[in-house]
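The following paragraphs go through one protein chain, from its overall dimensions to a few individual residues. Please keep the sequence and the coordinates open while reading.

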Amino acid sequence: MFSFLTKPHLPSNSIGLEKDFVTAVSIEGSRQNFRINRAATVDLPAGLINPSFTEKNISSQANLRVYIEEAIGAAGLLDKKRWSVSLPASSCRSSLLTVENDPSLKKKLEEVLDWKAEQSFGVPARQMRISWYSLGTDTQGKARYFASAIRLEVLEEYEALFEGMGLNAGLIITKPVAEASWLADKLGDRLLISEQSDGFTGILMRAGTPSFIRNVNCSAEQIYDEIYRLLLFY
């Protein structure tokens with residue numbers, strides 16, 4: 001299901017944004033056999049990025065631009081203009097949604113998915129950029145979809161940042177989705193734990209597709225206990 005990440009010809013230069021740091025990376029080689037060519041990480045001052053699904057994320061576009069340019073320069077990538085970008089996990093939300101496999105719903109499928117997304121993410125669909133990826137059907141015959149959403153106001157912050165820098169961000173996704181692509185097309189069951197500043201996101205992959213997604217908010221000291229509870233319950 002993550003072929004949209006692994007099969008298209010995407011920029012080999014990536015910028016990873018987190019609450020406390022920014023990373024610039026360049027890879028080379030084929031999709032099956034690649035290696036990191038250049039990389040650099042720069043720490044960010046507290047409060048410059050405040051990852052949030054509902055609130056403003058960037059306190060100062062000008063200051064963040066300086067740190068991103070520092071990371072790009074330290075990696076020797078100042079001449080690169082096309083980039084992939086991963087955003088902090090808390091800036092976006094992802095969920096697995098199911099829809100009755102009813103032929104009469106096909107014409108209204110987008111409306112049904114929008115309504116499901118509103119119920120899952122707690123925000124009107126018109127205020128979000130939502131990406132849908134079909135996962136086929138479950139054991140009960142219901143259609144399954146992987147939904148990833150970001151509020152338009154938040155997305156516009158990041159788009160304005162990169163446009164102001166003269167960079168073409170050809171792919172903007174959340175950190176857990178980027179990491180989950182590593183497990184795409186792998187046999188067997190695999191569990192991704194993607195840590196973030198306010199907890200973690202757990203994604204169980206079965207035969208390369210997500211089986212469930214759980215976002216857990218907790219302190220750093222509670223992460224191991226919460227992972228244990230997640231494994232125990234599921």
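A residue is called buried when its relative accessible area is under 20%, exposed when it is over 50%, and partly exposed in between, with a 1.4 Å probe and protein chains only. By that criterion, buried residues make up 44% of the 234 residues in the protein chain. The model is predicted: local features need pLDDT of at least 70 and side-chain atom pairs count only at pLDDT 80 or more, while totals for chains, interfaces and linings use all residues. Residues are numbered from 1 along each chain as its sequence is written, and side-chain values use heavy atoms, with hydrogens and water left out.

The pLDDT is the predictor's confidence in each residue, from 0 to 100. It averages 85 over the protein chain, and 90% of the residues score at least 70. Among the elements, α2 has the highest mean, 97, and helix α1 (residues 3-6) the lowest, 46. Where pLDDT is low, the predicted coordinates should not be read in detail.

The secondary structure comes to 6 helices and 11 strands; these are DSSP runs numbered from the N terminus, helices being H or I over at least four residues and strands E over at least two. The radius of gyration, taken over C-alpha atoms, is 18 Å, close to the 17 Å of the globule rule for 234 residues, so the protein chain is as compact as a globular protein of that length. That rule is 2.2 Å times the number of residues to the power 0.38. Along its principal axes the C-alpha trace spans about 50 × 40 × 40 Å. With contact meaning heavy atoms within 4.5 Å, residues 24 or more positions apart account for 57% of the contacts with a separation of 6 or more.

A nonpolar core is a set of buried Ala, Val, Leu, Ile, Met, Phe, Trp, Tyr and Cys residues joined through side-chain atoms within 4.5 Å. The largest one here has 28 residues, of which I15, L17, V22, L64, I68, I72 and F162 touch the most other members. Two or more residues each come from β1 (13-17), β2 (21-29), β3 (34-43), α2 (61-74), β4 (82-87) and α4 (152-164). Helix α4 gives the most, with 5 residues. Not counting residues up to four places away in sequence, I68 touches I15, L17, V22, L161, F162 and M165. Another core, of 10 residues, lies apart from the largest one and includes L97, I130, A147 and A149.

Towards the C terminus of the numbering, consider an open sheet. Its 3 strands run in the order β9-β10-β11 with antiparallel pairing, where two strands pair if DSSP finds at least two bridges between them. Strands β9 (189-196) and β11 (209-217) stand at the edges with a single partner each, so one side of each has no neighbour in the sheet. Strand β10 (residues 199-206) pairs with β11 over 8 bridges, and T201 has N215 in β11 as its bridge partner. Helix α6 (residues 223-233) packs on the sheet, touching β9, β10 and β11, and its direction makes about 30° with that of β10. Axes are lines fitted to C-alpha atoms, for helices over the stretch in contact, and angles run from 0 to 180 degrees between N-to-C directions.

N215 also appears among the contacts of S94, together with F121, F146, A147, S148, T174, V177 and I213, leaving aside neighbours within four places in sequence. S94 lies in strand β5 (residues 93-99) and counts as buried because its relative accessibility is 13%. In the loop between β4 and β5 sits S91, which is buried at 0% relative accessibility.
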